[in-house]
Amino acid sequence: MSQRKLLTSNKVLSSLPSAERQRLASNLEVIDLTGGQVLCKRGEELRYVYFPVSALVTFLSAVGEYAEFAVGMTGREGICNVTCALGSYLSPFKTLVQCPGLALRMKAQVFVREFQESTAFRNQVLKFVFGLNVQMAQNAACTRFHYIDQRLAHWLLMTRDRLASDHFNMTHEELSNYLGVRRVGVTNSAKMLKARKLINYNRGAIEIVDAGGLQAMSCACYAMMAETP
């Protein structure tokens, strides 16, 4: 994929004026992210900012010493490690590659400089940050009030939207970690979704068969977040 195509495949970058996007290109490098790769640990200094193109990245929050669960995700619509623009170079989350793919990478210090100097870039970054804050707040409410079946349907739909694909790889173990529930709970919910012909899965390969039916099964959080500007 050409660099021009990559630059327009990430929503934040594609929303910039063409001249601004091309100016940033010299500070971006293409990187291939692998599934399960940790881009940054919680409390670790941010060295790079990532603009996913075909990868999906999840933000994990710690619960106690060993447990953790996902508070948000981003794909081609957003940015990873954006908090450095807000004044903190220490990551508040563990940033994990949920689905492998390409991303564009920029040094964190360069990202902060561009954020401060370019009005167009700053506006797009802040628009994404607003949407991410809404997503994290809604996910917190979802975790508290909704059942595993609803949350699993919601998570699968969010993954589908950000990958622009009905096919992706994710094991039940990974899903249980993202949702902060026992593996058996995810397995039972996935079996139910499969029995209703909403999804298929085999050895970690998931296919969404009926997105509309899956949305009907999901909680209202999915539709609410989809309406976020």
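Which strand does Gln98 lie in? Gln98 lies in strand β6. The model described here is predicted.

**The sheet**

Strand β6 belongs to an open sheet of four strands, ordered β2-β6-β4-β5 and paired in the antiparallel sense. The edges of this sheet are β2 (38–40) and β5 (67–74); each has a single partner strand, so one side of each is left without a neighbour in the sheet. From one strand to the next, the twist averages 35°.

Five bridges join β4 (residues 56–63) to β6 (residues 94–99), and the pairing is antiparallel. Within this pairing, Phe59 has Thr95 of β6 as its bridge partner.

Two helices lie across strands of the sheet. Helix α5 (residues 119–145) lies across β4 and β5, and its direction makes an angle of about 140° with β5. Helix α7 (residues 172–179) lies across β4, β5 and β6, at about 90° to β5.

**Gln98 in strand β6**

Is Gln98 buried or exposed? Its relative accessibility is 3%, so Gln98 counts as buried, the cut-off being under 20%. Two polar contacts of its side chain can be listed: one to the side chain of Thr58 at 2.4 Å, and one to the side chain of Thr159 at 3.2 Å. Leaving aside neighbours within four places in sequence, Gln98 is in contact with Leu56, Val57, Thr58, Met73, Trp155, Thr159, Asn169, Met170 and Tyr178. One of these contacts, Tyr178, is also among the buried residues of α7.

**Helix α7**

The buried residues of α7 are His172, Leu175, Ser176, Tyr178 and Leu179. Around the helix axis they cover an arc of only 160°, which puts them on the same side of α7. The residue that follows α7 is Gly180, with a positive phi near 70°.

**Gln124 in helix α5**

Gln124 lies in helix α5. With a relative accessible area of 19%, Gln124 is buried, since the cut-off is under 20%. Not counting residues up to four places away in sequence, Gln124 touches Val12, Ser15 and Leu16. Gln124 and Leu13 are 111 residues apart along the chain, and their C-alpha atoms are separated by 8.1 Å.

**Salt bridges**

How many salt bridges does the structure hold? There are nine salt bridges in the structure. Three of them, including one between strands, are given below with their closest N to O distances.

| Pair | N to O distance |
|---|---|
| Glu20 and Arg23 | 3.0 Å |
| Lys94 and Glu68 | 3.1 Å |
| Glu114 and Arg113 | 3.4 Å |

Lys94 and Glu68 form a salt bridge across the sheet strands β6 and β5: Lys94 lies in β6 and Glu68 in β5, so the pair ties together parts that are 26 residues apart in sequence. Both residues count as partly exposed, Lys94 with a relative accessible area of 24% and Glu68 with 29%.

Glu20 and Arg23 are three residues apart in helix α3 (residues 18–25), and about one helical turn separates them. Glu20 counts as buried at 15% relative accessibility, whereas Arg23 is partly exposed, with a relative accessible area of 38%.

The salt bridge of Glu114 and Arg113 likewise joins a buried residue to a partly exposed one: Glu114 is at 2% relative accessibility and counts as buried, while Arg113 is at 36% and counts as partly exposed. Through salt bridges that share partners, Glu20, Arg23, Arg113 and Glu114 are joined into one network.

**Helix α3**

Which residues of α3 are buried? The buried residues of α3 are Glu20, Arg21, Leu24 and Ala25. Seen down the helix axis, these residues fall within an arc of 150°, so they line one face of α3. Glu20 is therefore both a buried residue of this helix, at 15% relative accessibility, and a member of the salt-bridge network with Arg23, Arg113 and Glu114.

Notes:
Residues numbered from 1 in each chain as written. Predicted model: local features only at pLDDT ≥ 70, side-chain atom pairs only at ≥ 80, totals over all residues. Heavy atoms only, no water. Pairing = 2+ DSSP bridges. Axes fitted to C-alpha atoms, helices over the stretch in contact; angles between N-to-C directions. Contact = heavy atoms within 4.5 Å. Salt bridge = Lys/Arg side-chain N within 4 Å of Asp/Glu carboxyl O. Buried < 20%, exposed > 50% of the residue type's maximum accessible area, 1.4 Å probe, protein only. Arc of directions from axis to C-beta. Polar contact = N/O pair within 3.5 Å; in protein donor to acceptor, adjacent residues only side chain to side chain.
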